[in-house]
Each structure stands twice: as C-alpha cells, then as structure tokens.
Amino acid sequence: MSTETERHERGRLAPVVDWMENLSEAAYAYLLLIPAFGLLTLIAFYPMISTFWMSLLEDQTRGAETLGGFVGLENYIGILTGDARLARQFLDVQLTGSFPFFELGVGFFQQALFVTLSFAILNVIFTTLIGFGQALVLDKDFRGRRWVRVAVIIPWAVPIVIQGMIFYLMFQPTVGFGADVMNALGLFSATPLASSQDSFFILLIADVWKTSAFMALLILAGLQSVDRSLYDVAKVSGASTWQRFKLITFPLALPAVLVAMLFRTMDAMRVYGLIESTAGCTTVPSMTCMVIEGMFGGTRIYGTAAAVAFMTAAIIGVFISIYIVKFRGQEGGVY
Amino acid sequence: MATETETTQTQAERDQSDDSGPFQRWVSGSISEPGRAYRPMFWLVTVFFLVTTLFPFYWLFMVALTPEGQLQNVVFTPNGFNPGVFIEIFQILPFHRYMFNSFVIATVTTAFVLVVASLAGYVFGRLRFPGKNPLMLLVLLVSFFPPAAFFIPLNDLFNTNFDILEPVLSNGSLYNTPYALVIPMSALFMPLAIFILTTFYSQIPDGLEDAARVEGTTRLGALFRVIIPLSAPGVATAGVLTFIGVYNEFFFSFLMTDGQPQNWAPVLQGILGFQGQYQTLYNAMAAASIVAVLPMAILVVVAQEKIVSGLTAGGLKE
C-alpha cells in the first residue's frame, strides 16, 4: 500500500528522491541539518559574531555613527574595573591593604555581577530543594494526584509578565498586603520596590514560586524512571525510609536533578523580564539588564553593552563547564 | 513475614493503650509504626505546596474583582465586587486580538520547530557522521547567550527593506509582522526541542527503520512514517514545551513589535497596554492576566500526563 503511494509520489520528485537515497550516511546527515543550522546561523550565530565585533569597538556617544574605532578589549576592562559608563556598575570593587582586602564601590545589590550571581545561586538552591520536595509528593500514588500535579505545575506555565505583575502588585504599598506585612515584621522597608535589597528578595521569591515547578517536573521525570522493585528489595532487607531515600531515590534521581539544575542556572543567569516587570532595572541591575540599558537607555554605549552581553555568556559558560565536569563523574548522565 | 510481626506488635500496642486519649494512641501508634506518622506529614506538605502555588492566583483574582480605585490591602476578599471587569478588558483594548496573535505565533513557531528539530534530532539520534558532538555543542551554545546579544543585528535585519519580500509584506521589512517573532523564537526554542527529540528518536530500534526501508520507503518516508509516529510522546512533549515557552516569552515579545494589536503584538503587550500614561488599571491588568493564563492552565491539565511520561521515557533517562 505504502509502496503504491510511494511510486505515485516518485513521479515528479524521482530525481530528488534518487539523489537522496544514494547519498552516504554522513552526507545525508549534513543535508538534514541544513534547515536547523541555516536558521541558527541567521538568528543566532551571525548576530553573535556581529555583536562580538561590536564589543571590540569604541562607544561613540555623539555624531551620526553609532560605533567608533577598534579598541580591542578596552570595553571589557572598563566593565571589570568599574569605569564603564553604565547606569549601574557591572562590578565595582577596590582592593585594599587591610582585611577583608576589598571594598565595594557601590552597594552589593547594585552591582550587576553580584546581583546576577547571588540571584542564580540562591534561586537554584531553593528551587532544587522545593522542586525535589514537590517531586517526591507527586511521585506518590494517592487519590487526586492528577489535580495536585496540575496545581504544582501551573506556576511554570505563567507568562513572565504576569508573574512579574502578581508580585509587583503584592508588594506595591497602595495595592497589596506584602509591603505592610514585611514592614511590620521588620524585614523590608515601607516601599520595598524602591530598595535594591528588598526588591532582590521579592524577585527571588517570585522566581522560586514560578520555577520550582520546572524543577519538580524534571526531577519527577527522573524519579519515575527509578525501578520500583528496588524499593521492595530495600523494604524486605529492612531499610528505613531515610535509608531508602539516601541509598536509592537520591543517587538514581541525581542525574535528572543535575540536568534540571543546569537548565535552571542558564535561565536564572539571564534574568531580565521579571525584573523589568517588577522592580525595574535601575533598582535591581542584572547582567542582561545592563545590556538592555546600554542598548536602549539612550546613552548609546553599544560597544560596552555588547561586551556585557559577551561577559554574561562567558560566565554562563563557566558554570556550564562545572556541571559538565560533574556529569562526567556521574553514571547515566544525558550526554 | 516482617509485616506479620509488625501488625501483631501494633495490635498489642493498641490493646495496651486503650484507656488513653486518641492523641496518645496516635502517638504510640506512630512510634511503633513510623509509616503512620508519615501520612499526615505527607498531607501537610501537600497542602503547603498547594497553598503556596495557588495563593498568588487566588489573590490576583481578588484584585481583579475589586473595583478600580478601591485597591487597598486586598488580602483574602475583594474590596467590593466587580465581575464586569472581565468584559471591560475586551472593550478597553481588543484583548482578544492580542490573544489571537499570541496563539498564531505560538502555533506557527511550534509547528516549524517540530519539523526542523525532527530532522536534526533524527540526525543526532540515529546517524553516525564526523563532527557530531561539536555540532551538538554548537546548538547548546545558543542557550548561553542572553537574547539581548542577538538583538541589535536582528533588529537591523528585520527593519531592512528587502525588495524580494515586497509582494508578500507591505513595505518589505519584517518588523511588525508575525515573522519578526516566529523566526527568532524558533531559533531560541529549537535547541531544547532538538535535545528532547534526539533522545527519543535514538531509542527506536534500528530493526523497525530497516524493515520500513526494505519495504521500499524512502529515507525521509521512514522518518515521517516510522520514527516520528513511534516517538509520539516525545514529539508531544517537545511541542507542548515549545508552545508554552513561546507564549510566555518576554524579550522578543516585548521588543519586536510596536505594541499595536493589528501589528501582531502578543498578549504581553495587551497586559501592559492597561498601563496608561496617566493611570494604571491594576484591576484590568489582573483580569487580563487571568484570562491570558487560562489557556495555559487548560493545556497543563490536558498535557501534564504526557509531559511527565514524555520526559521520563526520553529526556532524562540514559
């Protein structure tokens, strides 16, 4: 039956089909990769290279031309020493002679590098713990599991702009209760969205709320692939619940947890939309914020902005390689 | 055997403490049989997770129901009752048009990503050729960069007028067309789809593909008639993840159109549209957000089993 339609189709396309049938495996592989890599080249690789070139050019804040001459790594050095003309500093640390040997130029939560790194690290720690907890709950068999699962996953399906708005409204003193409650507890100031430190923690809560679900989903997938009979064996040999968790659940779920952490780290390091829709980039500057401010903030520091974009990618790359090294030590990693 | 002794022990325990109160009985029961203590703890944890994940939605609903101008300290109940806001949002702005735009963009992107990523996933999952690992790393590399790193060159590219496109698009540039969102987002979400599909396609036994080939199917025919149908859960997972990702995306949705609904601005711009120059209609924003989340919630309800089983079967196992 299928051969008949095959023949029918072959009528006009015969030369193309024959040509494809006769390609070697490698040539056929490259042929099928053309659409994917064509798109990636146009949308990702070409702009990346072009942005990299921009990062090596001087900022030109006046005149018709937007970029000046070639300055090599000067933009990168400017960013790292706190001399760049960014609205908020990327990194502003002076080395001093006495303990603790360095001094912050501006507040910790006003330096993009520290904000982004602490955001990513705290975010990954909390989402992993909460996501693991949620996954353990969802892995059990109980009545209504389907709906509990839906409820836990839903925050992850919320558009970033809505996620930002919920928490913006909650901590907006004229609308929500969050500002009053936290102020009464003495944790936040009266207008938390105007303070860098308070806003940082609001963003952290907002993102943990949304992305724990993603963690839970990936870890749950890992837990579900654990062979159930292992638990029966453990039970018969008298292992306690904690031992079962420590010796079976945890090691077998670890690869899934690491993959989930890897994706979460990459995402958290690029945080932008959430900040833009809650506290704003001036209050909590992340690395991506710096790029956007530099490009659209009206200061026309395109070279510096491009350099920040590349430094962000480089820092993400460092974190990824840590994970990849960790993967190597694990059995059953994905790649 | 072990269970047998356990039950007799518990029985003895129970007889012993018959005259004590129910709480004491429960405590001694949980000491002799820890499994019983875990059950209430389990429900406690479950309820905690349910409350923390669902409360923000409930609160948003309360904000939406509160009439404009009375938004002070909304906690558990709305200040007033104004369900009409769910109709108003469609009158103040053509919010349905924003939703429609988002749907079209997400659907087209998902379809496109699935076709292109299927070809790539097939190659990475089933064929052997030199340069496979470096090429896969190159795909992953895309996800390192903040979308901002692509933006300026892309913005220039999309604002350039191409004479070839003149007959299709009004002024020959891609800005303010759905393509300005579909093209970059396809590239953005393709790496994930490729990785999911690669693991799925690699698990189909070679024999099935060979059998189809012996029957006289072409190489591409074997992919589309054998491999893809057999990996349906994986394709569904990749599709749902891409669709939700595109619908929720912030960066390009925010910057690639001028925010006008007739210019294919997505739902994000619709919600921000209630933020006027002189006043912000918080209740309308809240109502619009709820309307915009609903389709995603329905998708999660329908597809959650698929997503979890899809990730279990392929994505994360070796």
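These notebook entries record what I looked up in a predicted model of two chains, A and B.

**Entry 1. Ground rules**

I noted that the model is predicted, that local features need pLDDT of at least 70, that side-chain atom pairs count only at pLDDT 80 or more, and that totals for chains, interfaces and linings use all residues. Residues are numbered from 1 along each chain as its sequence is written, and chains are lettered from A and ligands numbered from 1 in the order in which they are written.

**Entry 2. Confidence**

I began with pLDDT, the predictor's confidence in each residue, from 0 to 100. Chain A has a mean pLDDT of 79, with 83% of its residues at 70 or more. For chain B the average is 79, and 84% of the residues score at least 70. The complex as a whole receives from the predictor an ipTM of 0.79 and a pTM of 0.81.

I then asked which elements of each chain have the lowest and the highest mean pLDDT. Elements here are DSSP runs numbered from the N terminus: helices (H or I, at least four residues) and strands (E, at least two). In chain A, strand β4 (residues 102-104) has the lowest mean, 61, and helix α4 the highest, 89. In chain B, helix α1 (residues 2-16) has the lowest mean, 49, and helix α5 (residues 95-126) the highest, 91.

I also looked up where pLDDT stays under 50. Residues 331-335 of chain A are such a stretch, and the model has eight contacts for them beyond four places in sequence. Residues 1-8 of chain B are another, with one contact beyond four places in sequence. A contact means that the C-beta atoms of two residues, placed from the backbone, lie within 7 Å.

**Entry 3. Chain A**

Chain A contains 13 helices and four strands. Of its 335 residues, 44% count as buried. The term buried requires 20 or more other C-beta atoms within 10 Å of the residue's own; exposed means 12 or fewer, and partly exposed lies in between, with C-beta atoms placed from the backbone. Among contacts in chain A with a separation of 6 or more, 63% are between residues 24 or more positions apart.

I selected two residues of helix α4. Leu136(A) is found in helix α4, residues 112-139 of chain A. Is Leu136(A) buried or exposed? Leu136(A) is partly exposed, because 18 other C-beta atoms lie within 10 Å. Leu136(A) is 87 residues from Leu223(A) in sequence, and their C-alpha atoms are 7.9 Å apart. Phe126(A) lies in helix α4 of chain A as well, and Phe126(A) is partly exposed, with 18 other C-beta atoms within 10 Å. Phe126(A) and Gln224(A) are 98 residues apart in sequence and 22 Å apart from C-alpha to C-alpha.

**Entry 4. Chain B**

Chain B comes to 14 helices and zero strands. Buried residues make up 42% of its 318 residues. Of the contacts in chain B between residues at least 6 apart in sequence, 68% join residues at least 24 apart.

I examined helix α7 (residues 148-159) of chain B. This helix has 12 residues and reaches 17 Å from first C-alpha to last, close to the expected 16 Å; the expected span is 1.5 Å times one less than the number of residues. Its buried residues include Phe150(B), Phe151(B) and Leu157(B).

**Entry 5. Annotated spans**

I consulted UniProt, whose annotations may be inferred rather than shown by experiment; its positions are in the numbering used here and feature names are shortened. The unreviewed entry for chain A lists "transmembrane region" at residues including 28-49 and 112-138. In the model, residues 28-49 of chain A are 100% helix, with end C-alpha atoms 28 Å apart. Residues 112-138 of chain A are 100% helix too, with ends 37 Å apart.

The unreviewed entry for chain B gives the annotation to residues including 179-201 and 222-247. Residues 179-201 of chain B are 100% helix and span 29 Å between end C-alpha atoms, while residues 222-247 of chain B are 96% helix and span 32 Å.

**Entry 6. Where the chains meet**

I found 83 residues of chain B in contact with 80 residues of chain A. Helix α14 (residues 282-315) of chain B gives the most to chain B's side, with 17 residues.
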